[in-house]
Amino acid sequence: MTKVYKNANPKPERTPKKERLTKRQFQQKYTKTQLKGASRFPKIKGVRKGKFNFYKTTAWLWFARYIKLKACNSDYTVRCFTSNQLLDIRSKNCHAGHCFKVRDANTTNYSVAFNELNVKPQSLQENTFNGGSQDKFIERIIEKYGFEAYDNLRIESKKVKLLPDSEVKRIAKEYRLKTYEILKEKNLKKWW
């Protein structure tokens, strides 16, 4: 009989530990979700990704100011186009409302978004909570400008038009200049 000692056989070599993945590496390797800061698509200048908020563009900001200023008196007051309520253009209660909406259900319509006949001063109540009161708006357009002007506006609203960045910048510049001209004409001070 042979004696076997505990330490007679050398210990087998340890296999090296696998490198642990960081959280980011793990997500990249095993999930299909988009990570913050990481983009699967190359950036293309001048092309919008995701939802485009028309009402936050500088073009809309200057156009809305222009519409309200064009209709106001020398004391910053204007009448709501649909309810005939007296409004102060400097307050948040005064909006520039569309007859034919820019966003209607699942579609966006930029063809008449900057049409001065389509956009008039409206109260917050009429524009936001009553959905623009389109029936009253149409009646007032026909009453003030005639049926032919309304019909041309309606036909124009059915056309498809895109708003590239260059067009938005051009419109913003144009209406900024027009806004300052009206301020000088009416001898008013800017309130923004």
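Start by selecting Val 168, Ile 171, Ala 172, Tyr 175, Thr 179, Ile 182 and Leu 183: these are the buried residues of helix H6. Buried here means under 20% relative accessible area, exposed means over 50%, and partly exposed is in between, with a 1.4 Å probe and protein chains only. Look down the axis of H6 and the buried residues fall within an arc of 105°, so they line one face of the helix; that arc is taken from the directions from the helix axis to the C-beta atoms.

A quick word on what you have open: this is a predicted model, where local features need pLDDT of at least 70, side-chain atom pairs count only at pLDDT 80 or more, and totals for chains, interfaces and linings use all residues. Residues are numbered from 1 along each chain as its sequence is written, and side-chain values use heavy atoms, with hydrogens and water left out. Helices (H or I, at least four residues) and strands (E, at least two) are DSSP runs, numbered from the N terminus.

Stay with H6 and turn it around. The face away from its buried side carries the exposed residues Ser 166, Lys 169, Lys 173, Lys 184 and Glu 185. From its first C-alpha to its last, H6 reaches 32 Å over 22 residues, close to the 32 Å expected at 1.5 Å a residue (the expected span is 1.5 Å times one less than the number of residues). Just after H6, click on Asn 187, whose phi is positive, near 55°.

What covers the buried side of H6? The cover includes helix H2, so select that next. H2 is mostly covered, with 10 of its 14 residues buried. Its buried residues pack against strand S3, strand S6 (119-123) and H6, where contact means heavy atoms within 4.5 Å.

Now for the largest nonpolar core, which has 30 residues; Phe 54, Trp 60, Phe 63, Leu 69, Ile 89, Phe 114 and Leu 163 have the most contacts inside it. Such a core is a set of buried Ala, Val, Leu, Ile, Met, Phe, Trp, Tyr and Cys residues joined through side-chain atoms within 4.5 Å. H2 (58-71), S3 (94-98) and H6 (165-186) each supply at least two residues of this core, and H2 gives the most, with 8 residues. Zoom in on Trp 60: leaving aside residues up to four places away in sequence, Trp 60 touches Phe 54, Tyr 55, Ala 96, His 98, Ala 113, Phe 114 and Val 119. A second, separate core of 10 residues includes Cys 99, Ile 138, Ile 141 and Leu 153.

Next, colour the aromatics. The whole structure holds 17 aromatic pairs: rings of Phe, Tyr and Trp (its six-membered ring) pair if their centres lie within 6.5 Å, with planes under 30 degrees apart counted as stacked, over 60 as edge-to-face and the rest as tilted. Phe 81 and Phe 137 have ring centres 5.0 Å apart and planes at 50°, so this pair is tilted. Phe 81 is in the loop between strand S1 (77-79) and strand S2 (86-88), while Phe 137 is in helix H4 (residues 134-145), 56 residues apart. Both are buried.

Keep Phe 81 on screen and add Arg 140, whose charged end sits over the ring of Phe 81, 4.8 Å from its centre. That label needs NZ of Lys or CZ of Arg within 6 Å of the ring centre and within 35 degrees of the ring normal.

Last stop: Phe 147 and Tyr 150, another tilted pair, 5.9 Å centre to centre with 55° between the planes. Which of the two is buried and which exposed? Phe 147 is exposed, with a relative accessible area of 52%, whereas Tyr 150 counts as buried at 11%.
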